[in-house]
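Biologist: Can you walk me through this one? I'd like to start with the charged pairs, then look at the pockets.

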Amino acid sequence: MDTASKKMTAGSPARLIILFTIPLLLGNLAQQLYYMCNLFFLSRASGMGDVAAVGGSQAVMNLIVGFSTGMASGVAVVTAQRFGAEDEDATRKSFATSIFLCFAAGIVLTALGLFCVGAALRLMGTPAGITAGTRNYLTVMLCGLCATMMLTLFANMLRAVGDSKSALLFYGFSFLLNIALDYAFVVLLGKGAKGAAAATVLAQSVCAVMCFWYIRHRVRCLRVQHNDFSLPKSMRVHEVWQHLRIGLPMGVQSSVISIGAVGVQTAVNALGADAVAAFASAERFDMLTLAPLMSFGIAIGTYTAQNYGAQNWQRITKGVKTCAVIALGYSILTAFLNLFAGDAISRFLSPDSAEVATMIKTYLAIDAAGFCVLALLFIFRYSFQGMGRSAFPTAAGFVELAARLFAAFVLAPKLGFAGVCAANPLAWVCACVPLGAVFLLAIHKRAPRGRER
């Protein structure tokens with residue numbers, strides 16, 4: 001077995017999940033800090049106008065990037081299952097198929113995004129004062145979408161074979177490079193939102209190339225050869241379908257959730273530029289603090305996928321229980337942070353506007369109410385995906401969409417900014433309850449027939 005890869009089909013589930021999650025968490029934090037870094041430099045060098053422009057772009061960007069990252073995560077599930085089943089040839093073929101599918105999807109999404117960006121901003125009612133900056137930011141980010149998708153795929157492939165440490169190193173380097181480029185483009189050259197986007201795209205492109213080089217030279221089970229891409233026609237169709245049946249629903253699920261975010265962003269835009277700036281800053285801080293919950297989810301997804309490939313159902317059950325306890329403990333601590341340190345956080349995120357700071361505090365307090373539910377939602381969702389059962393998480397994604405649209409178009413007109421802030425907790429509760437019930441029922445039926453090793 002490769003020195004970088006790691007089996008999760010034997011040993012203490014708690015130890016494996018924690019050791020896998022730590023570098024995964026740091027890597028996810030680095031990803032979130034990309035955008036926090038953009039907002040930081042823009043707020044100091046360009047003002048809140050460019051901050052609002054970047055914030056106004058995130059719903060559209062999340063919609064497109066959400067599909068690409070969801071698909072990249074989905075195809076990696078197949079790789080993890082084959083790695084857990086100790087089939088090295090099939091693992092390599094899975095990686096080769098994933099490269100082809102994700103690159104093709106990246107090209108299509110880039111063309112579609114560039115064609116629709118103007119109409120999307122008009123549909124969302126983006127304030128006139130930030131439309132140009134928002135469009136510039138989106139255009140540059142979309143031009144780098146293939147690099148973003150490839151970096152996500154390569155990192156997910158490393159995690160699929162149990163190597164979250166290497167993925168961390170690449171994301172960490174990319175983050176540091178992004179800081180340097182942000183300073184150069186935004187502060188020194190004064191390029192504003194467009195410069196912030198260029199910094200992110202360039203940093204991710206460099207990191208994607210480095211990550212592929214590392215996989216090619218250091219991870220034997222992912223060292224694809226020409227014949228891994230050249231399969232007989234009958235096998236090629238089957239191989240593509242095995243990946244698309246998981247990757248496409250996961251991409252759709254991420255996009256459906258992002259469509260709800262577009263609806264919420266539309267409601268935020270109607271409240272004015274201050275509300276857009278406050279929502280963008282608070283959302284990015286929230287995503288930073290909630291990155292550990294997503295990391296626990298991804299960790300249990302990889303753990304589940306490998307053990308599903310090995311048909312170790314008792315280990316899956318034990319791992320899910322362990323991960324739930326850890327994630328719930330962290331979510332409680334984070335909720336207290338939002339509630340009792342809200343004043344200091346809001347002033348840090350908006351040092352020049354008391355009105356924006358007040359709205360940030362409101363967002364943090366309301367969002368904190370749903371953190372425990374979100375912890376369980378991530379575990380149920382990623383565990384289902386690890387088993388290759390993407391239909392249930394996708395259905396839950398549509399439930400989240402309905403809940404967010406309800407908050408955007410029913411609660412927001414009545415409650416204002418507070419109604420918009422209620423979108424996340426409402427969506428998490430509505431999705432978690434049915435998904436959790438179905439997941440627990442599935443585990444209860446299968447676990448007694450599993451085996452431990």
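Biologist: Is Glu239 buried or exposed?

Modeller: Buried. This is a predicted model, and in it Glu239 has a relative accessible area of 8%. The cut-off for buried is under 20%, so Glu239 falls in that class.

Biologist: Which residue does Glu239 form a salt bridge with?

Modeller: Arg82. The closest N and O atoms are 2.7 Å apart. Glu239 sits in helix 9 and Arg82 in helix 2, so the salt bridge ties together parts that are 157 residues apart in sequence.

Biologist: And Arg82, buried or exposed?

Modeller: Arg82 is buried, with a relative accessible area of 16%.

Biologist: Remind me, why would two such side chains pair?

Modeller: Opposite charges can pair when the charged atoms come close.

Biologist: How many salt bridges does the count come to?

Modeller: Seven. Some of them join up: Glu88, Asp89, Arg92 and Arg220 are linked in a network.

Biologist: Take me through that network. What does Arg220 meet?

Modeller: Arg220 meets Glu88, at 3.0 Å from N to O. That pair links distant parts of the chain, 132 residues apart. Arg220 is in the loop between helix 7 (192-218) and helix 8 (226-229), while Glu88 is in helix 3.

Biologist: How accessible are Arg220 and Glu88?

Modeller: Arg220 is partly exposed at 35% relative accessible area. Glu88 is partly exposed too, at 29%.

Biologist: What about Arg92 and Asp89? Where do they lie?

Modeller: Both are in helix 3, three residues apart, which is about one turn of the helix. Their salt bridge has its closest N and O atoms 2.8 Å apart. Arg92 counts as buried at 15% relative accessibility. Asp89 counts as partly exposed at 43%.

Biologist: OK, pockets now. What volume does the largest pocket have?

Modeller: About 390 Å³. It has 17 lining residues, and the closest to its centre are Leu63, Ile64, Leu112, Gly113 and Cys116.

Biologist: Which helix gives the most to that lining?

Modeller: Helix 3, with ten residues. Helix 2 (48-84), helix 3 (88-123) and helix 9 (233-269) each supply at least two.

Biologist: How many charged residues in the lining of the largest pocket?

Modeller: None. That lining has 16 nonpolar residues and one polar.

Biologist: How many cavities does a search of the whole structure find?

Modeller: Two of 30 Å³ or more. The second largest cavity holds about 40 Å³ of space.

Biologist: Which residues line the second largest cavity?

Modeller: Leu39, Val54, Gly55, Gln58, Ala280, Glu283 and Arg284. By class, that is three nonpolar, two polar and two charged. Helix 2 and helix 10 (273-289) each give at least two of the lining residues.

Biologist: Back to the outside. Which residues form a nonpolar patch on the surface?

Modeller: Ile18, Leu19, Ile22 and Leu26, with about 330 Å² of accessible area together. Leu19 is in helix 1 (residues 13-45). On its own, Leu19 is partly exposed, at 39% relative accessible area.

Biologist: Last one. Where is Lys7?

Modeller: Lys7 is in the segment before helix 1. Its relative accessibility is 21%, so Lys7 counts as partly exposed. The cut-off for buried is under 20%. The C-alpha atoms of Lys7 and Phe83 are separated by 8.2 Å, although the two are 76 residues apart along the chain.

Terms used
Residues are numbered from 1 along each chain as its sequence is written. This is a predicted model: local features need pLDDT of at least 70, side-chain atom pairs count only at pLDDT 80 or more; totals for chains, interfaces and linings use all residues. Side-chain values use heavy atoms; hydrogens and water are left out. On a 1 Å grid over the protein atoms alone, a cavity is a set of points where a 1.4 Å probe fits but cannot get out, and a pocket is an open set with protein on both sides within 12 Å along at least five of seven lines; lining residues have an atom within 4 Å of a point. Grid points are joined across faces, edges and corners, and a volume is the space filled by probe spheres set on the points. Helices (H or I, at least four residues) and strands (E, at least two) are DSSP runs, numbered from the N terminus. Ala, Val, Leu, Ile, Met, Phe, Trp, Tyr, Cys and Pro count as nonpolar, Asp, Glu, Lys and Arg as charged, and the others, Gly among them, as polar. Patches are made of residues with over 30% relative accessible area and no salt bridge: like charges are joined within 9 Å, nonpolar side chains (Val, Leu, Ile, Met, Phe, Trp, Tyr) within 5 Å. Accessible areas come from the Shrake-Rupley method with a 1.4 Å probe; for residues, only the protein chains shown count as cover. A salt bridge is a side-chain nitrogen of Lys or Arg within 4 Å of a carboxyl oxygen of Asp or Glu. Buried means under 20% relative accessible area, exposed over 50%, partly exposed in between (1.4 Å probe, protein chains only).
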